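Student: Please take one part of this model and look at it closely. I would also like to know how far the model can be trusted there, and what surrounds that part.

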Amino acid sequence: MDAIFLQILNGLDKGGAYALIALGLTLAFGTLGIVNFAHGALFMLGAFCAVTFNKLIRLDEVVLHPTQKTAWGTPVEIRTPYIETWLGDFGTFLIDYSVPMSILLVIPFMLLVGVIMERGLIKHFYHRPHADQILVTFGLAIVLQEIVKHYFGANPIPQSAPDIVSGSANIGLWLGLGESVVYPWWRLVYFAFSALVIFGVFAFLQFTTFGMVVRAGMRDRETVAMLGINIERRFTIVFGLAAVVAGLAGAMYTPILPPDFHIGMDFLVLSFVVVVVGGMGSLGGAVTAGVLLGLLQSFASMNEVKSIFPGIDQIIIYLVAVVILLVLPRGLMGREGVMED
Amino acid sequence: MTKKTSNIATRRTILKAGAGLGAFALTSGVAPMSFIRGAHAADYCNAPKGKTVTLGFNVPQTGAYADEGADELRAFKLAVKHLNGEGDGGMLSTFKPSVLKGNGVLGKKVAYVTGDTQTKSPAARASAKRMIEKDNAVMISGGSSSGVAIAVQGLCQEAGVIFMAGLTHSNDTTGKDKRRNGFRHFFNAYMSGAALGPVLEKEYGKERRAYHLTADYTWGWTQEESMKRTTEALGWKTAKAVKTPVGAGDFSQYITPVLNSGADVLILNHYGKDMINSLTQAVQFGLRDKQVNGKNFEIIVPLFSRLMAQGAGDNIKGILGSTNWNWSLKDAGSAAFVKSFGAEYGAPPSMAAHTCYCQTLLYANAAEMAGTFSPEGIVKSLEGFKFDGLGNGPTEYRADDHQCFKDVLVVRGNQKPTTKYDLLEVVQVTPRAQVEYDAKIFGGDLGPVNAKAC
């Protein structure tokens, strides 16, 4: 029972991440009709925004030790972050909270990246075949990866969650389960954050005039344009919003998985499976499929399951995707006519 | 007249012959050697013909191990520099017995070409093949993965060149997949287990239940097997051994079962990014704060790399593991190497860099000793070669399997690092005798040396 409960938590946690990335992919596809293989790279850029923010906030004053030398003969460097020198304990507090605070950098930066990407590259591929879109966005993803690797190196760079949420929550004691049911605080924070962002995006599209226009444009672009609404501009902003969602997902994921240049690619393929299973262009489908596949992957990794079906944890997502697409060719919540031309 | 001319000609002939003999006498220390080398020249693959000899350095320059590959490449370049008499000479001055003088190798300036393994066997083989066939590399070295090392070693055996392995830790490299043309300076999984055993017993006792998470490829399998052999000999029980896909990223679904398994030790048979991720996540799941069976829960990482450990941040503090070499060692060889490397690049070398530097020097010295670059000569020089002064104490290249035998370091993640490089503290230097084993236990056959012309 304890093991099952833990795997449910794992599944929700994974599913939250998948859903968040798939949501951004679906936004870009649903509005602009673009199959964006650079979406994983946007996740990676978000993660490196957190790394950059951490580096900036930790900018330090270097003083050379008067007597101590390194093993190769240069003086030992003593480093003190400026922010600690200037602000004392508050400076230490800011450093501790650098990952959640990096959101302040992620939102404007990723919005800018999204808009530049859409205006500078993607718009030239609206009327090109999907294969061309895939090639150009995949190429862009590789370029972005290599740029990040050049500046940050190939090794993962660890990021810490704030001290207050760095340990594990003893959920077992709260719920009357065994003491072994513990779960990292930050993963719970991440799940709550995913839910909040997903809810926020839905609310934005559902309850604002801007969202209403975008939804109308997704249904019938020409009619909305004929009403004198600059739907192109709104779609550009939605593409920027998709980039922000991916960036936020990446930045907040850094304490769970130390980011490296390849982190986006690791998620990209799974996210596309999530989008296809959920139904191309369906926001609800992306979220449902994300959580469903996250749960399935976690349960398939249980030793009891693997002892019956060895290696099932490696193929479960793809197996389920095949079955769902055979039964429901448009995915769980796909609409008729999307990507069927 | 004719007779006179004939007499003069005879004298001239005698004078010419005398001059020739004189010149021969003057250069007798070198000339006969050159003659012998010339005789070898056509007999083996890529025999150097000009004034340079080309070595091929095959390291991951892209992909997940690119940083480790970059450090290996730095070490190779430094070794070449020292062999050619540039820089401060590094470990050339401490390496004993050595016939290296810092004037190239066998009178030839050392040149090098590089290849990118991408940590993928097909890419590694393709780049090694290119260096052998197009660049005429007489020796290939490098690598950061056992899968890659074994693949390239096989290629070098087929091509008839020497392979001096870089970082490869699987028992198979000098076990079931060993080849006569291949040599490994780095230690292996068996040695890690054997070295860790006594320390584990001392620190954690004889009654433990261990849970293994193992990278699902040749290195992981041999590492798990070696750790099981060691811990079960101590009296520990193995609760479970679970294979994890390489590059899994999120290990949460593999770590949560550990919480209910009754195990009180988690052994992470992971390296590189997998090690960073699994260790970070195991700590996040509170394993290090747990008490199981009345004991503190412990995590062990059998193979530690200082370069990789940087990625795990504070999570490595207090974790036990083993390493081939660490820059904090105080022996003359290590000090000379760290000084030279640090002055050149502004940071201490990793263990991967150290083994690559050593392999280059060992190859060069073997060639000098043999008087030829022929694989036959190199193999003859290196098999059973005993040396010291390269940072690991007295070392031997065992003839039976081409595995170096030396002391092994047991290390612990430093609790109070003074610099960002000061991540590992040496807990114990395990003597060579304790990590030695019979070459037959891992099977395999070296086969004959391949020194064919190519």
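Tutor: A strand here is a DSSP run of E covering at least two residues, and strands are numbered from the N terminus. With that, the part to look at can be placed: His402(B) sits in the loop between strand S14 (395–397) and strand S15 (404–405) of chain B. The model is predicted, so what follows describes computed coordinates.

His402(B) is not a glycine, yet its phi is positive, at about 60 degrees. Is this residue buried or exposed? A residue is called buried when 20 or more other C-beta atoms lie within 10 Å of its own. His402(B) has 26 C-beta neighbours inside 10 Å, so it counts as buried.

Asn293(B) makes a useful partner for His402(B). Asn293(B) also has a positive phi, of about 55 degrees, without being a glycine. Its place is again a loop of chain B, here between strand S9 (291–292) and strand S10 (295–296). The surroundings of Asn293(B) count as exposed, because there are 11 other C-beta atoms within 10 Å and the limit for exposed is 12 or fewer.

Another backbone detail of chain B concerns a peptide bond. The bond from Lys96(B) to Pro97(B) is cis, with omega near -10 degrees. Pro97(B) belongs to the loop between helix H3 (66–83) and strand S2 (109–116) of chain B.

Next comes the matter of trust. The average pLDDT of chain B is 89, and 91% of its residues score at least 70. Two stretches of chain B stay under 50: residues 1–11, with zero contacts beyond four places in sequence, and residues 17–41, with eleven such contacts. Where pLDDT is low, the predicted coordinates should not be read in detail. For the complex, the predictor gives an ipTM of 0.81 and a pTM of 0.83.

Chain B also touches chain A. The contact takes 32 residues from chain B and 36 residues from chain A. On the chain A side, helix H1 (2–32) and helix H14 (283–300) each supply at least two residues. H1(A) gives the most, with seven residues. Sorted by class, that side of chain A has 14 nonpolar, 16 polar and six charged residues.

Notes. Residues numbered from 1 in each chain as written. Chains lettered and ligands numbered in written order. Predicted model: local features only at pLDDT ≥ 70, side-chain atom pairs only at ≥ 80, totals over all residues. Contact = placed C-beta atoms within 7 Å. Helix = DSSP H or I, 4+ residues; strand = E, 2+ residues; numbered from the N terminus. Nonpolar A, V, L, I, M, F, W, Y, C, P; charged D, E, K, R; others polar. pLDDT = per-residue confidence, 0-100.
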